[in-house]
Amino acid sequence: MNNPSLIPWKSVMRFSSIIPALALAACGAEAPVSQAPNDVRAEVDAPIEDVLPVMGPERVILGFGDSLMAGYELEENQGYPEKLEAVMRARGINARVIDAGVSGDTTQAGAQRLAYVLDNLGEVPDLAILELGGNDLLRQLSPEQTRANLEAMLQTFAERDIPVVLMGMRAPPNLGPEYQAAFDGLYPALAEQYGATLVPFFMEPLAANPDLLLPDRIHPTAEGVDAMVAATVDTVIGALPEEGE
């Protein structure tokens, strides 16, 4: 792994990362998800000038993750952080979402670079979105190792008084029931332990509709990112601390 201090946050590295398509299909079969309501999708696509005016102090959100955060194979403005920011601003929230995603990162790589990223932001974010673990699945790393790395990052955020939205991942059943149970259970357990806000399965909209995947059947299209934003924006907004806290 490269020295984390030398890795750009908007990585140009192109790894085949996150979950095999089998995991998406399996999770989709177990927990089908309906399409986002039309009014939510319309809000995702609506021009900012057609909705609420942006008001209030700037709310800084750190998006820390892998290729799902970095916007693998998408245009600069089509990634999750960029579209999340646009939707929040469309709702009148003066949001700035920092894209600190690096394609190919495992939880271990994320843990190694987190302090460097936080030290070099120049400000303390109001909220962090922690999205890692898919590449651990791809490499079939032990759930215990994944948990330890996520816990180290959550502890770092806690020490700096930064609230967290934890984006959960789910293991495919072909890795075995014991592995699946251990991996799937670590996200809610850690969220409870550290008081983080949990999104149970970040990729759920993609599992429900494979047309939202790129040809690699792993990463979201721009429309897939829209669906992921629509499914999580309320959770992110709800996790923002009150102004002045």
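Q: What makes strand 1 and strand 3 (residues 127-131) a pair?
A: Two strands pair if DSSP finds at least two bridges between them. Strand 1 and strand 3 are joined in the parallel sense over 5 bridges, so they satisfy that definition. Within this pairing, Ile61 stands opposite Leu127 in strand 3. Strands are DSSP runs of E of at least two residues, and helices are runs of H or I of at least four, both numbered from the N terminus.

The model is predicted: local features need pLDDT of at least 70 and side-chain atom pairs 80 or more, while totals for chains, interfaces and linings use all residues. Residues are numbered from 1 along each chain as its sequence is written, and side-chain values use heavy atoms, without hydrogens and water.

Q: Why are strand 1 (residues 55-65) and strand 2 (residues 93-101) called paired?
A: DSSP must find at least two bridges, and these strands have 8, in the parallel sense. Arg59 stands opposite Ala95 in strand 2.

Q: How do you know that the span of helix 5 (residues 107-119) agrees with the expected one?
A: The expected span is 1.5 Å times one less than the number of residues. For the 13 residues of helix 5 this gives 18 Å, and the end C-alpha atoms are 19 Å apart, which agrees.

Q: Where is the kink in helix 5 centred?
A: The kink, of about 40 degrees, is centred on Arg113; the bend is the angle between axes fitted to the seven residues ending at a residue and the seven starting there.

Q: What makes a residue of helix 5 buried?
A: Buried means under 20% relative accessible area (1.4 Å probe, protein chains only). Residues of helix 5 in this class include Arg113 and Leu114.

How values were computed
Buried < 20%, exposed > 50% of the residue type's maximum accessible area, 1.4 Å probe, protein only.
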